[in-house]
Protein chains: 2
Amino acid sequence: MQQKKLEVCLSPALLHLYDIKDSLVVVIDIFRATSSMCYGIANGAEAIIPVATVDVCRSYEQTNYLLAAERNGEVVEGFDFGNSPFSYTAEKVSGKTVVLTTTNGTHAINESREAQRVLIGSFLNLSAISNWLKNQPQDVLLLCAGWKNKVNLEDTLFAGAVAHQLQNEGYKFDDSAILAADLYQMAKDDLNGFLKKTSHSERLKELKIESDIVFCLQVDLIDAIPVLDGDRLVRLV
Amino acid sequence: MQQKKLEVCLSPALLHLYDIKDSLVVVIDIFRATSSMCYGIANGAEAIIPVATVDVCRSYEQTNYLLAAERNGEVVEGFDFGNSPFSYTAEKVSGKTVVLTTTNGTHAINESREAQRVLIGSFLNLSAISNWLKNQPQDVLLLCAGWKNKVNLEDTLFAGAVAHQLQNEGYKFDDSAILAADLYQMAKDDLNGFLKKTSHSERLKELKIESDIVFCLQVDLIDAIPVLDGDRLVRLV
């Protein structure tokens, strides 16, 4: 049997370089889209429908779905909510379907649709998704959503956290996976302190979402793994 | 005065995300194109002309230029030499002009042409180029050539080495620069050992160019900085 591959794609703009049709792709947008998706699905949301544009999101207005739209870190005017994890509590989303568009995360999901399976990762479900991946025969690609296609530190760090958990599981790492795992090794004892260095963290501070950040860096809060099923994310069973 | 920026672009496929027209761009292809360019210019080559294709390189046949072509790590048949630094000794290149095409490095140079200035970096001229950059007023973009547009460890490490030298010089780092500097911090005491982990290093081993690798990881062997002047790289004076 050929050795399984673990690759890390540091930006959606590099995704065309990878052949993903037989791979499991894990989409990563730590601040905050994929953290909120994981949290929402764990809290009983029936489904989350990631859509590319605010207009497509708005087209669901006549349904009983919850509509969520974020651009540049803020809730788009006229929408129920954006991508703060605190909008994805059981009280708000249990039994509901959410239609969501975000700056980076939903774009990355859309770009991954030809993969064999698209899963959603975040620190909240780190061990759950790593353990599940280990037991699958397929190659894995960890796709960092980044910020408008630029590489960012928090998504790379999470890719490194997964790589770290898969380190002795027989995968062949590409250079980006090695890089991400090393970075995580360096940062793991103080993720929040490590990320304070980034320019992104300044932007997030201006948006007054520091409590979101702290929330999104909690490790293994939940077991749920969102998986793409047609046009919607549902809980992997 | 606005704070100068130091950005790292981890792949030529991400270069369109950066506005480089007022920036100094340093092109990095450690194994081996930019190492050989630095060494060749230091050894008195009059100029090195980076060209995109083997055919363009061949079109210089009727000149008295030296023709060098590398694809996938090997010298292309019919050419004087490829991109091994040992082909760029004073004995071979002093006073000569070399026309060179390589898999990754010359492509990255061509993509950078709209920058205010394009410079060539390698471990061989690390301090020379870092010290020169410090004294310029412009923003800096370190462009990693990678391997066929995928991110690689050795180019990222060198970007990190430059970032490390510019750390207390008043630059604002982007996330990729932070990431690269941290990686370098982790690897700097044993660059060769660190790079042995990479898949690229296996490929290079198959090519029997391990002595080239050791050569390219020598720090501060030379002072010369190649700079693009029209279609040719010459020594920065």
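User: Before B:Gly40, what counts as buried or exposed here?
Analyst: A residue is buried if 20 or more other C-beta atoms, placed from the backbone, lie within 10 Å of its own, exposed if 12 or fewer, and partly exposed in between. This is a predicted model, where local features need pLDDT of at least 70 and side-chain atom pairs count only at pLDDT 80 or more, while totals for chains, interfaces and linings use all residues. Residues are numbered from 1 along each chain as its sequence is written, with chains lettered from A and ligands numbered from 1 in the order in which they are written.

User: So is B:Gly40 buried or exposed?
Analyst: B:Gly40 counts as buried, because 31 C-beta neighbours lie inside 10 Å.

User: Which helix is B:Gly40 in?
Analyst: Helix α1 of chain B, residues 33–42. Helices are DSSP runs (H or I, at least four residues), numbered from the N terminus.

User: What is B:Gly40 in contact with, leaving aside neighbours within four places in sequence?
Analyst: B:Ala45, B:Ile48, B:Tyr88, B:Val93 and B:Val98. In contact means that the C-beta atoms, placed from the backbone, lie within 7 Å.

User: Other topic. How many residues of chain B are in contact with chain A?
Analyst: 23 residues of chain B, which meet 23 residues of chain A. α6 (153–165), α7 (175–187) and α9 (199–206) of chain B each supply at least two residues of that side, and α7(B) gives the most, with seven.

User: Why do the copies meet through the same surface?
Analyst: Because 100% of the interface residues of chain B are also interface residues in chain A.

Methods. Contact = placed C-beta atoms within 7 Å.
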